[in-house]
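Subject: Handing over a structure for you to look at

Dear colleague,

I am passing on the structure we talked about, and I would be glad if you kept it open while you read the rest of this message. Please look through it once on your own before you turn to my notes.

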Amino acid sequence: MGLGISEIQKKNMCGSVEVELIAKWMEEGLGFWLTTMFVNDHLKQEEKKEVSVKSVYNAFYRMKPLITRIEKKTKTQKS
């Protein structure tokens, strides 16, 4: 099982390479599941324990991202 959020904080991952990777991949639109998968691949290479999707989710929202909502436009009918 992956590390919980408290374990990430204890391991001082805040401001770490992993957090930068989360920001990069989320900005690219990969979503939490794929971002978690890629972060865990990175952590395996560094011989560190894996993290859970919830840990990535919490780390992402601790960064206080600016999220812009995109509104749908209705189609107008042509006469």
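Below I describe what was found, beginning with the chain as a whole and then going through its parts.

Please keep in mind that this is a predicted model. The protein chain contains 4 helices and 0 strands, and when it is read along the sequence the pattern is α-α-α-α. Of its 79 residues, 29% are buried, while the chain exposes about 6600 Å², of which 53% is supplied by carbon and sulfur atoms. If you take the contacts between residues at least 6 apart in sequence, 58% of them join residues at least 24 apart.

I would start with helix α2, which spans residues 17-27. Which residues of α2 are buried? They are Glu18, Val19, Leu21, Ile22, Trp25 and Met26. Because these residues cover an arc of only 155° around the axis, they sit on the same side of α2. Glu20 and Glu27, by contrast, are exposed on the other side of this helix. As for what the buried residues of α2 pack against, their partners are α3 and α4. After α2 comes Gly29, which has a positive phi, near 85°.

The aromatic rings come next, and here the count comes to 6 aromatic pairs. In one of them, the ring centres of Trp25 and Phe38 are 5.4 Å apart and the planes meet at 50°, so this pair is tilted. Since Trp25 belongs to helix α2 and Phe38 to helix α3, the pair ties together parts that are 13 residues apart in sequence. Trp25 counts as buried because its relative accessibility is 14%, a value under the 20% cut-off, whereas Phe38, with a relative accessible area of 30%, is partly exposed.

Another pair is made by Phe32 and Tyr57, whose ring centres are 5.0 Å apart and whose planes are at 55°, so that this pair is tilted as well. Phe32 lies in helix α3 and Tyr57 in helix α4, and therefore the pair ties together parts that are 25 residues apart in sequence. Tyr57 is partly exposed, with a relative accessible area of 37%. Phe32 and Tyr57 also belong to one aromatic cluster, in which they are joined by Phe60 and Tyr61.

On the surface you will find a nonpolar patch of about 380 Å², which is made by Trp33, Met37, Phe38 and Val53. Helix α3, residues 31-45, gives the most to this patch, with 3 residues. Val53 is placed in helix α4, which runs over residues 53-62, and this residue counts as partly exposed because its relative accessibility is 37%.

Thr36 is also found in helix α3. Is Thr36 buried or exposed? With a relative accessible area of 5%, Thr36 is buried. If its neighbours within four places in sequence are left aside, Thr36 is in contact with Val51, Ser52, Val53 and Val56, so you meet Val53 again here, this time as a contact of a buried residue.

Finally, there are the charged side chains. Side chains of opposite charge can pair when their charged atoms come close. A search of the whole structure finds 2 salt bridges. One of them joins Lys48 and Glu18, with the closest N and O atoms 3.2 Å apart. Because Lys48 lies in the loop between α3 and α4 while Glu18 lies in helix α2, this pair ties together parts that are 30 residues apart in sequence. Lys48 counts as partly exposed, at 44% relative accessibility, but Glu18 is buried, with a relative accessible area of 2%. Glu18 was named earlier among the buried residues of α2, so it is worth finding this residue in the view.

A salt bridge is also formed by Glu50 and Lys44, and there the closest N and O atoms are 3.2 Å apart. Glu50 is partly exposed, with a relative accessible area of 33%, and Lys44 is partly exposed too, with a relative accessible area of 49%.

With best wishes,
A colleague

Technical notes. Residues numbered from 1 in each chain as written. Predicted model: local features only at pLDDT ≥ 70, side-chain atom pairs only at ≥ 80, totals over all residues. Heavy atoms only, no water. Patch = residues over 30% accessible without salt bridge, like charges linked within 9 Å, V, L, I, M, F, W, Y side chains within 5 Å. Areas by Shrake-Rupley, 256 points an atom, 1.4 Å probe, with all protein chains shown as cover. Salt bridge = Lys/Arg side-chain N within 4 Å of Asp/Glu carboxyl O. Helix = DSSP H or I, 4+ residues; strand = E, 2+ residues; numbered from the N terminus. Buried < 20%, exposed > 50% of the residue type's maximum accessible area, 1.4 Å probe, protein only. Phe/Tyr/Trp six-rings, centres within 6.5 Å; stacked < 30°, edge-to-face > 60°. Arc of directions from axis to C-beta. Contact = heavy atoms within 4.5 Å.
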